[in-house]
Every structure is written in structure tokens, then in C-alpha cells.
Amino acid sequence: MAMLQIEDLQVYYGVINAIKGVSFEVNKGEVIALIGANGAGKTTILHTITGLVAPKSGKIIFEGRDLVKVPAHKIISLGLSHVPEGRRVFQQLTVYENLQLGAFILKDQKQINKNLEYVYEHFPRLKERKNQVAGTLSGGEQQMLAMGRALMSNPSILLMDEPSMGLSPLLVNEIFRIIKEVSSDGTTVLLVEQNAKKALSIADRAYVLETGKISLEGRATDLINDEKVKKAYLGE
């Protein structure tokens, strides 16, 4: 059974049908890429999974439980963590304080300290800047902080929305290397990313979203060589 199963999801914004019967699944340990043009509905799908947007119909089954009626603030305690588009770090707080807030559902201080060390190990720059105010960090450092904060809750699955947005090619490579590392450590990843080439290079499988519908799906290695995908999303 899949870890996360989306079944016939329909989402509306007023009269606009943004997501039109989308179904897909994410298996434990996979990196799944959701690619598509701007406005295809990728972010809406993540927001619906994490309870920020209510679907009109459909199911979101996570480890056997339907999340549709679960309030957004309770979803994180079930093992889902969301790295939002635009980072959304707490600008006035330090790096350390942002990370501590990521662990708010945990009660065991030993576990929190262990998670903190894990984050510092993967993001040594955050350790160097732990007392720095988050709003003074560079874009790449804020992206690292958003990822680190999400990892502080020990998620089973990490939902990531456009982690490469606005970053230099060098930083993009670093962020994707870390995503791969986190996946190798056992965290499942659902990745929404406009940089299709980069996403497909680290994903196991991928789904292509076009105007609220899945138009293509398959192994990432197959999709990266698909002529339609090359033309539409890889600039080839």
C-alpha cells in the first residue's frame, strides 16, 4: 500500500476548477516529482494535502488515514512536513529559534537535540549562523532554514514547494544534493519544482500536471528522455 494516495481530487477556487480529478501515489522511501508550468495546480495540490485548502471532493490517504477532515494544525503530528514556496521563515527570529519552532510538536528534549544535530550536520551553514536573525540570511540560506525547520519534526514525508526558486545554479545544486541526502536517510519526498530537469535528475518517479490534470506519469529516467517533456519543460 502506498504511503500517500491521492484519489480523484477536485479543488475549486470559487467557480474555477483548479484541480480536476487528480490521482497519484507516493511510496515509502521514494522521491516523487510533480512538474508542470506555472498555474498548473502544483502548489494547490500541496496545500490541499496539508489542509490549507479544502477539496470539493476526493481522498487524501496518508498511511491508511483520510486527511480530508483533519485540521491543518494536526497534520504535522501525523508525520507530514511542508516546506512552502517562498521559504516563509520567521524573519525576526534567529536561525536557532526558527529551528526550535519546527520541533513544537515534540516533547522529548533529547529527541529535539538529536534532530537539531541532524539538521546542523546537513546544513553546516545554519550552525555557523544559528544566532543570526533569519531575515538577514541570503535566499539560499533561508531555503536551507525552511528545509531544516521542516525536518525538526521528524517527518515521514517531506513536501517541498519550489526549493530552487530564485537561487543561483550553485545553490540549486547544493539544495538538490541535500534533498537526495535526506531521502537516502529514509525520508520520503514529494517535490514540486519548476526546474524540471533538476527535479527529474533526483526523482524516482514523476507526474506531469497540466491545467489541473495529470497528463503524463512514469519513471523519472523515462520522462527526462520523453520528447514531449523535453520540448515543454526541459527547453530542448
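## A hairpin to start with

Let's begin at a small turn. E63 takes a positive phi near 50° in the hairpin of β4 and β5, where two residues sit between the strands. Please keep in mind that this is a predicted model.

The two strands of this hairpin run antiparallel, and two bridges join β4, residues 57–62, to β5. One of the facing pairs is F62 with its bridge partner R65 in β5. Another is I61, which stands opposite D66 in β5.

## The sheet around the hairpin

Now step back to the sheet that holds these strands. Strands of a sheet pair through backbone hydrogen bonds, either parallel or antiparallel. Here the sheet is open and has four strands in the order β2-β1-β4-β5, with antiparallel pairing. Which strands stand at the edges? They are β2 (16–26) and β5 (65–66), and each has a single partner strand, so one side of each is left without a neighbour in the sheet.

On the way inward from β5, strand β4 also meets β1, which covers residues 4–13; β1 and β4 pair in the antiparallel sense over five bridges. I61 appears again here, since Q5 stands opposite I61 in β4. To follow this part by eye, you can trace from Q5 to I61 and on from I61 to D66.

## The enclosed strand β7

Another good place to look is β7, which spans residues 157–161. Is β7 enclosed or open to the outside? Five of its five residues are buried, so β7 is largely enclosed by the rest of the structure. I157, L159 and D161 point one way from the strand, while L158 and M160 point the other way, and all are buried.

Strand β7 pairs with β6 and with β8, in both cases in the parallel sense. With β6, residues 80–83, there are four bridges, and H82 stands opposite L159 in β7. With β8, residues 188–192, there are five bridges, and the bridge partner of L158 in β8 is V189.

## S164, just along the chain

Where is S164 placed? S164 lies in the loop between β7 and α7, the helix of residues 169–184. With a relative accessible area of 10%, S164 is buried, as the cut-off for that word is under 20%.

What surrounds S164? Leaving aside its neighbours within four places in sequence, S164 is in contact with V172, F176, E193 and N195. S164 and E85 are 79 residues apart in sequence, and their C-alpha atoms are 9.5 Å apart in space.

## The whole chain

With those details in hand, here is the overall picture. The protein chain contains ten helices and ten strands. Its radius of gyration is 17 Å, close to the 18 Å that the globule rule gives for 236 residues, so the chain is as compact as a globular protein of that length. The C-alpha trace spans about 45 × 40 × 35 Å along its principal axes. Of contacts between residues at least 6 apart in sequence, 67% join residues at least 24 apart.

How much of the chain counts as buried? The share is 50% of the 236 residues. The accessible surface comes to about 11100 Å², and 51% of that belongs to carbon and sulfur atoms. As for charge, the chain has 28 positive and 26 negative side chains, and the centres of the two sets lie 4 Å apart.

Technical notes: Residues are numbered from 1 along each chain as its sequence is written. This is a predicted model: local features need pLDDT of at least 70, side-chain atom pairs count only at pLDDT 80 or more; totals for chains, interfaces and linings use all residues. Side-chain values use heavy atoms; hydrogens and water are left out. The radius of gyration is taken over C-alpha atoms; the globule rule is 2.2 Å times the number of residues to the power 0.38. Buried means under 20% relative accessible area, exposed over 50%, partly exposed in between (1.4 Å probe, protein chains only). Contact means heavy atoms within 4.5 Å. Accessible areas come from the Shrake-Rupley method with a 1.4 Å probe; for residues, only the protein chains shown count as cover. Lys and Arg count as positive and Asp and Glu as negative; His and the chain ends are not counted. The place of a charge is taken as NZ of Lys, CZ of Arg, CG of Asp or CD of Glu. Two strands pair if DSSP finds at least two bridges between them.
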